[in-house]
Amino acid sequence: MARFDVTDAEWALIEPQLPVAATGPLPRRMRDQFNGVLWRFRTGSGWRDVPERYGPWSTVYSRFSTWARAGVFQNLMDALTAEAAARGKVGLELVSVDSTIVRAHHESAGLAVDGETLDALEQALTEEKGAPLTKQPPVLRVIQQRPVRTPVARTRRVRTGRRHDGVAGPGRMPQGSAGPEAD
């Protein structure tokens with residue numbers, strides 16, 4: 001048993017919550033695979049880095065994927081919380097959310113709603129609460145204005161003169177030429 005693997009007492013609480021097929025052989029290494037899943041998430045490593053003592057990494061991942069789709073981890077959490085409550089060891093003061101890992105998308109800072117939708121929401125609020133809007137707290141209206149782009153007039157500049165090698169370039173007239181107006 002490795003350093004952070006579940007103890008026998010912990011496994012006695014966890015094992016009944018893990019699904020076993022009604023028919024077929026019992027999984028031989030379910031405890032090892034569970035410990036492999038815990039190891040992977042505790043270390044933040046990739047699945048291919050799971051140590052061999054937990055079994056092949058693909059089996060550990062397959063077991064995790066099956067359990068996750070079946071809702072086993074939520075059921076396990078509910079069962080362990082209920083067991084702790086039955087023992088009188090549940091304390092919400094131990095629950096902590098660290099703001100360094102809880103992040104919001106930069107667009108979650110505000111909601112831009114067009115005027116018609118906001119008016120409809122205010123009307124629905126008035127009808128539901130039965131109170132005029134003047135007695136309700138003001139709703140912040142956010143109007144997102146797009147920058148006005150002014151079209152830039154593009155002009156083509158015709159250059160006259162010679163290049164340094166004396167050859168007329170595009171848009172240039174050769175030296176001594178009077179141009180089309182001379183005819």
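This is a walk through the nonpolar cores, the salt bridges and the aromatic rings of the structure above. Keep in mind as you read that the model is predicted.

Let's begin on the inside. The largest nonpolar core has nine residues: V6, W11, I14, L18, M30, F34, W67, V72 and L76. Try finding them in the 3D view. Three elements each give two or more residues to this core, namely helix 1 (8-14), helix 2 (30-43) and helix 4 (72-86). Another core lies apart from it and has seven residues, including V37, V50, V60 and F64.

To get a feel for the packing, pick out L76, one of the members of the largest core. Which residues does L76 touch, if we leave out those up to four places away in sequence? The list is I14, Q17 and F34. Of these, I14 and F34 also belong to the largest core.

Now let's turn to charge. Side chains of opposite charge can pair when their charged atoms come close. How many salt bridges does the model have? The count comes to three.

Start with R31 and D8, whose closest N and O atoms are 2.9 Å apart. R31 sits in helix 2 and D8 in helix 1, so this salt bridge ties together parts that are 23 residues apart in sequence. The two partners can also be described by their accessibility. R31 has a relative accessibility of 22%, so it counts as partly exposed. D8 is exposed, because its relative accessible area is 57%, and the cut-off for exposed is over 50%.

The next salt bridge joins R29 and D32, with 3.1 Å between the closest N and O atoms. Here R29 is partly exposed at 32% relative accessible area, and D32 is partly exposed too, at 27%. R87 and E83 make another salt bridge, and their closest N and O atoms are 2.9 Å apart. With a relative accessibility of 30%, E83 also counts as partly exposed.

Our next stop is the aromatic rings. A pair of aromatic rings is described by the distance of the centres and the angle of the planes. The model has eight aromatic pairs. One of them is formed by W47 and Y61, with 5.2 Å from centre to centre and 70 degrees between the planes, which is an edge-to-face arrangement. W47 lies in the loop between helix 2 and helix 3 (57-70), while Y61 is in helix 3, and the pair links these distant parts of the chain, 14 residues apart. Is W47 buried or exposed? At 13% relative accessibility, W47 counts as buried, whereas Y61, at 37%, counts as partly exposed.

Another pair to look for is W67 and F73. Their ring centres are 6.2 Å apart and their planes stand at 80 degrees, so this pair is edge-to-face as well. W67 is buried, with a relative accessible area of 1%, and you have already met W67 as a member of the largest core. Its partner F73 is partly exposed, at 28%.

Stepping back, you can follow ring pairs through a whole cluster: W11, F34, F41, W47, Y61, F64, W67 and F73. Several of these names are familiar by now. W11, F34 and W67 appeared in the largest core, and F64 appeared in the other one.

One last detail brings charge and rings together. The charged end of R40 sits over the ring of F41, 4.6 Å from the ring centre. F41 itself is part of the aromatic cluster.

Terms used:
Residues are numbered from 1 along each chain as its sequence is written. Side-chain values use heavy atoms; hydrogens and water are left out. A nonpolar core is a set of buried Ala, Val, Leu, Ile, Met, Phe, Trp, Tyr and Cys residues joined through side-chain atoms within 4.5 Å. Buried means under 20% relative accessible area, exposed over 50%, partly exposed in between (1.4 Å probe, protein chains only). Helices (H or I, at least four residues) and strands (E, at least two) are DSSP runs, numbered from the N terminus. Contact means heavy atoms within 4.5 Å. A salt bridge is a side-chain nitrogen of Lys or Arg within 4 Å of a carboxyl oxygen of Asp or Glu. Rings of Phe, Tyr and Trp (its six-membered ring) pair if their centres lie within 6.5 Å; planes under 30 degrees apart count as stacked, over 60 as edge-to-face and the rest as tilted. A charge sits over a ring if NZ of Lys or CZ of Arg is within 6 Å of the ring centre and within 35 degrees of the ring normal.
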